[in-house]
Amino acid sequence: MKQAASIWLAATRPAFLSVTLVGVLLGLSAAMAAQAYRSTWLAALTILFALIAHAGANVINDYYDARNGSDAANVDRIYPFTGGSRFIQDGVLTSSQTARFGYLLLGIVIPSGLYLVWESGPGLICIGLIGLFAGWAYSSKPFALQSRGVGELTIILAWLMVVLGSDYVQQKSVSESAVLTGLAYALLVANVLFVNQIPDRIADRAAGKKTVIVRWGTQVAPWGSLALYSGAIMIVAIGIFNDQLPSTTALAFLAAIPALFGLSKLFKNPTDRAQLTIVIPTTIISCLLFGLLLALGMLL
């Protein structure tokens, strides 16, 4: 594994790790709002733990997409958002190097996770195992959940665990606000993966990856994305109405501005490449903005 450190870092697709960073910040903000924030050291370790786990899942995804042939066949990818890192296809890393690196990253998570369990309580074991399993089973055989049309549900579960785990480390319990904000945010993380399936659909179909877009066609893309956006907003709105969330979390509704812009392009033509080069980054921006504003609203 004699590669430059920059290559190993790039193999993790670091730009996409931002969705996990925001998820952790959201969980920490829930603890701060409850005046249960204990330790910046624990917060830093939680961030590191979550980012390494996500990085490992990204690398494992590249390995299994190389094995099933979807990345090699993907000539319609929209760089740098879809189609994986292509490090295996471009000869930067071998398939075996990628697999070893991915599982090494997931293995590194274990000691830091056990330390957090020791500091916070056994409930974190369940949260961590669910999150790790979801990240691994999303791509890996025998589960390959994305290929079975339940990738979005897997992503929702994984990122809900990111928020709940970050909250639990500080509070030694899971707060109602973390559940609500975590679920709302996780829906928009799933939306990013959902929209990213559109340009990859031909290669996915050829490789036997039966994603939602492959199963139901691109006509479901705008409506599915709208449903995920609506679900996230409704969760926060209901939480505010029931006094489960502070009214300041309504700040997150500002993310509807880029979301509506992207949705208008998606409804116009869900398969047009020029439109998708706008829709995909707009979907990512909407997700990150929603999570950051939720966290800010919790703190205010």
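Let me start with Leu 296, which is partly exposed, with a relative accessible area of 39%, in what I should say at once is a predicted model. This leucine belongs to helix H12, the helix that covers residues 273-299. If you follow the chain back from there, you will find that the C-alpha atom of Leu 296 is separated by 7.4 Å from the C-alpha atom of Thr 249, although these two residues are 47 residues apart along the chain.

Staying with leucines for a moment, I would like to point out a nonpolar surface patch of about 220 Å², to which Leu 21, Leu 25 and Leu 292 contribute. Leu 21 sits in helix H2, which takes in residues 18-33, and because its relative accessibility is 34%, Leu 21 counts as partly exposed.

Now to the charged side chains. How many salt bridges does the structure hold? There are three salt bridges, and I will take them in turn, with the general reminder that side chains of opposite charge can pair when their charged atoms come close.

In one of them, the side chain of Asp 62 meets that of Arg 13, with an N to O distance of 3.1 Å. This pair links distant parts of the chain, since Asp 62 is in helix H3, residues 40-67, while Arg 13 is in the loop between helix H1, residues 5-11, and H2, which places the partners 49 residues apart. Are these two residues buried or exposed? Asp 62 is buried, and Arg 13 is buried as well.

Another salt bridge is formed by Asp 65 and Lys 209, whose closest N and O atoms are 3.1 Å apart. Here Asp 65 lies in helix H3, whereas Lys 209 lies in the loop between helix H8, residues 176-207, and helix H9, residues 212-216, so the pair ties together parts that are 144 residues apart in sequence. Both of these partners, Asp 65 and Lys 209, are buried.

Lys 209 also takes part in a salt bridge with Asp 204, where the N to O distance is 3.6 Å. Asp 204 counts as buried because its relative accessibility is 5%, and Lys 209 counts as buried because its relative accessibility is 3%. Through salt bridges that share partners, Asp 65, Asp 204 and Lys 209 are joined into one network.

Let me turn, finally, to the spaces in the model. By the rule used here, the count comes to one cavity of 30 Å³ or more, and the largest cavity has a volume of about 30 Å³. Which residues line the largest cavity? They are Ala 11, Val 59, Asp 62, Ser 85, Phe 87, Ile 88 and Thr 98, and by class that lining has four nonpolar, two polar and one charged residues. You will recognise Asp 62 in that list as the salt-bridge partner of Arg 13.

Arg 13, for its part, appears at the second largest pocket, which has a volume of about 270 Å³. This pocket is lined by 15 residues, and those that lie nearest its centre are Arg 13, Pro 14, Ala 15, Phe 16 and Pro 80. The lining of the second largest pocket divides into 10 nonpolar, three polar and two charged residues. So that you can find the connection on the screen, I would suggest looking at the salt bridge between Asp 62 and Arg 13, with Asp 62 in the lining of the largest cavity and Arg 13 in the lining of the second largest pocket.

Terms used
Residues numbered from 1 in each chain as written. Predicted model: local features only at pLDDT ≥ 70, side-chain atom pairs only at ≥ 80, totals over all residues. Heavy atoms only, no water. Patch = residues over 30% accessible without salt bridge, like charges linked within 9 Å, V, L, I, M, F, W, Y side chains within 5 Å. Areas by Shrake-Rupley, 256 points an atom, 1.4 Å probe, with all protein chains shown as cover. Salt bridge = Lys/Arg side-chain N within 4 Å of Asp/Glu carboxyl O. Helix = DSSP H or I, 4+ residues; strand = E, 2+ residues; numbered from the N terminus. Buried < 20%, exposed > 50% of the residue type's maximum accessible area, 1.4 Å probe, protein only. 1 Å grid on protein atoms, 1.4 Å probe; cavity = no way out; pocket = protein on both sides within 12 Å on 5 of 7 lines; lining within 4 Å. Points joined across faces, edges and corners; volume = space filled by probe spheres on them. Nonpolar A, V, L, I, M, F, W, Y, C, P; charged D, E, K, R; others polar.
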